[in-house]
Amino acid sequence: MSGHPAGREAAVAVLVLPLVITLVVLSFAWPAGRTAPRDVPVGIVGTGAASQRAVEGLVHEKPGAFDFRLYPDQQAARSAIENRDVYGALAISAHDITVLTAPAASTSVAQLLGEVGQQLADRAAQQGAAGTRPSAKIHVTALDVVPVAAEDPRGVVFSSAVFPLTICGILIGAFVSTARGLRRPWHRLLTLLVACAVAGLGAYLVAQGFLGALPHDHVATWAILSLVLISISTTAAGLVRLLGQAGLGLSAALMVFVGNPFSGAGSAPEMLPKGVDYVGQWLPPGAGASLLRDTAYFDGNGGSGHLAVLALWSVCGFTAVMFGRRITGRAPGAKTGATASGASLSSLPTSGAASPDRHHAHAHAHAHAHARRSDDDY
């Protein structure tokens, strides 16, 4: 195949590209097609007979769907929701069911808990009609403990912002890492930080100023948007610094085709297939989406782990940008040994002593190349 470039390119187009496209479709469609509750933390208020029957019924009907946690009263359950310990809670008595939800944490889970509350009430009514228990009308009341912004009742603006942030972060990293005018690594880092801060401000002005989807903690929310961009862009720039153009493809595959569909931004990490939720939360798109929720609606509660993930990716990216060429031992514009030797031989005269002018020019070029390598490394 090495002697037939046309055949090699045809093989890439016929075999490699369809395989890549298949994997991309799988990475996006599989989590979306298998969305279902898996160990979703949910509170149960009280330990009465009605609560016990409800838990037993849910465990039987939806095994593995919920991780139930007991609370003595509704106030304790509310505090747990606000602290991001649970997504919601069910307060069940013989005559009524109160569903405490947090649409700001996940509109999908809030809707699911509302449906569960109604199912419990319907089951109690059926049991009463069948004579197994005294017939009684069960009233279902839904209370939003942490509601989503009124301008974004379904949370679509919030979930839609993750993908553009991922793309823009990669674009910033790619531009900064390949800009010829930014020779010194600290020039690249400073430019990258400023670009991410400005882009984060622009994203915030659109999401909140124009669409009203992030109504709380304005400065902190802007800082988180900027940090998400920084973690993605520094990773892209660092990989380009280490691997060249292949690093850009790797960063795009990691952040766009893995990080974005595995982020759980449109539902919740616990609604994704097992394993996918953990992978997504260890990548900047998933950790960034979760931290943005924690900051914008929950006063930062539950966000320390996500913040640590973003900081870790950012530090690794910074290190790769600063010292990537030293780690790989490559310098931009450096010639291979064969090329350098050929250039040196071609500079020798065919006969007689070397010309002083040529010798001086060769030394000057060597010094200039060394200076350029030094500029790029420091």
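## A walk to helix H7

In the protein chain, 72% of the contacts with a separation of 6 or more are between residues 24 or more positions apart. Bear in mind as you click around that this is a predicted model.

Start with the whole protein chain on screen. Colour by secondary structure and you should find 14 helices and five strands. Switch on the surface next: the chain exposes about 19400 Å², with carbon and sulfur atoms supplying 65% of that. Of its 378 residues, 40% count as buried.

Now select residues 185-210, which make up helix H7. How many residues does H7 have, and how far does it reach? The helix has 26 residues and spans 36 Å from its first C-alpha to its last, close to the 38 Å expected at 1.5 Å a residue.

Keep H7 selected and show the side chains of its buried residues: Pro185, Arg188, Leu189, Leu192, Cys196, Gly200, Tyr204, Ala207 and Gln208. While you look along the helix, remember that an α-helix has 3.6 residues a turn, so residues three or four places apart point the same way.

Next stop, Ala195, also in H7. Is Ala195 buried or partly exposed? Ala195 counts as partly exposed because its relative accessibility is 26%, and the buried class is for values under 20%. Add Val176 to the selection and draw a distance between the two C-alpha atoms: you should get 9.4 Å, for residues 19 apart along the chain.

Last, step just past the end of H7 and pick Gly212, where phi is positive, at about 65 degrees.

How values were computed:
Residues are numbered from 1 along each chain as its sequence is written. This is a predicted model: local features need pLDDT of at least 70, side-chain atom pairs count only at pLDDT 80 or more; totals for chains, interfaces and linings use all residues. Side-chain values use heavy atoms; hydrogens and water are left out. Helices (H or I, at least four residues) and strands (E, at least two) are DSSP runs, numbered from the N terminus. Buried means under 20% relative accessible area, exposed over 50%, partly exposed in between (1.4 Å probe, protein chains only). Contact means heavy atoms within 4.5 Å. Accessible areas come from the Shrake-Rupley method with a 1.4 Å probe; for residues, only the protein chains shown count as cover. The expected span of a helix is 1.5 Å times one less than its number of residues.
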